[in-house]
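New to this one? Take a look at the model first, then use the notes below as a guided walk through it.

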Amino acid sequence: MTAGERTGVALDAEKAWRAAIEHAAACPACRTPSAVCETGERLLSVYEEAARLPRSEEGT
């Protein structure tokens, strides 16, 4: 898929992934094994949900 072919849903998933990665890179809790970061967990959940949408649309 080229940049011109990206759907709004795919762009949302990319933005969510970028937000989760940027947070994790700067968050000491996210970089510590066994530590829990509620913000990191929430951002990852948002990404997972956004990533599921394009895959579910492929089947239709």
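## Quick briefing

Arg18 and Glu14 sit four residues apart in helix α1, so about one helical turn separates them. Their side chains meet in a salt bridge, with 3.7 Å from N to O. Keep in mind that this is a predicted model. The rest of the tour covers the salt bridges, an aromatic pair, the cysteines, a pocket and a residue in the loop.

**Salt bridges**

- How many salt bridges does a search of the whole structure find? The search turns up two.
- One is the pairing of Arg18 and Glu14 already mentioned, which joins their side chains.
- Arg18 is partly exposed, and its relative accessible area is 47%.
- Glu14 counts as partly exposed too, at 30% relative accessibility.
- Over in helix α2, the side chains of Glu49 and Arg52 meet in a salt bridge at 2.7 Å, N to O.
- Glu49 and Arg52 are three residues apart in helix α2, so they are also separated by about one helical turn.
- As for exposure, Glu49 has a relative accessible area of 41% and is partly exposed, while Arg52 is at 43% and counts as partly exposed as well.

**Where α1 and α2 meet up**

- The structure holds one aromatic pair.
- Its members are Trp17 and Tyr47, and the pair is tilted: the centres are 4.8 Å apart and the planes make an angle of 55 degrees.
- Trp17 belongs to helix α1 and Tyr47 to helix α2, so this pair ties together parts that lie 30 residues apart in sequence.
- Trp17 is partly exposed, with 41% relative accessible area.
- Tyr47 counts as partly exposed at 23% relative accessibility.
- Tyr47 also shows up in a backbone distance: its C-alpha atom is 7.9 Å from that of Glu14, although the two residues are 33 residues apart along the chain.
- Leu11 is another residue found in helix α1, and at 35% relative accessibility it counts as partly exposed.
- The C-alpha atoms of Leu11 and Ala51 are separated by 9.7 Å, with their positions 40 residues apart along the chain.

**Cysteines**

- How many disulfides does a search of the whole structure find? The search comes back with zero.
- Why is there no bond at Cys27? Its sulfur is 3.7 Å from the closest cysteine sulfur, the one in Cys37, and that is too far for a bond.
- The cut-off used here asks for the two sulfur atoms to be within 2.5 Å.
- Cys27 counts as buried, at 10% relative accessibility.
- Cys30 is in no disulfide either; its nearest cysteine sulfur belongs to Cys27 and is 3.7 Å away.
- Cys30 counts as partly exposed, at 32% relative accessibility.

**The largest pocket**

- The largest pocket has a volume of about 230 Å³.
- Its lining is made up of 15 residues, and those that lie nearest the centre are Ala24, Cys30, Gly40, Glu41 and Leu44.
- So Cys30, met above among the cysteines, turns up again here as one of the residues nearest the pocket's centre.
- Both α1 (8-26) and α2 (38-58) supply at least two residues each to this lining.
- Which of the elements gives the most to the lining? That is α1, with five residues.
- By type, the lining residues divide into eleven nonpolar, three polar and one charged.

**A residue in the loop**

- Where does Ser34 lie? It is in the loop between α1 and α2.
- Phi of Ser34 is near 70 degrees, which is a positive value in a residue other than glycine.
- Ser34 is exposed, with a relative accessible area of 81%.

Conventions
Residues numbered from 1 in each chain as written. Predicted model: local features only at pLDDT ≥ 70, side-chain atom pairs only at ≥ 80, totals over all residues. Heavy atoms only, no water. 1 Å grid on protein atoms, 1.4 Å probe; cavity = no way out; pocket = protein on both sides within 12 Å on 5 of 7 lines; lining within 4 Å. Points joined across faces, edges and corners; volume = space filled by probe spheres on them. Nonpolar A, V, L, I, M, F, W, Y, C, P; charged D, E, K, R; others polar. Buried < 20%, exposed > 50% of the residue type's maximum accessible area, 1.4 Å probe, protein only. Phe/Tyr/Trp six-rings, centres within 6.5 Å; stacked < 30°, edge-to-face > 60°. Salt bridge = Lys/Arg side-chain N within 4 Å of Asp/Glu carboxyl O.
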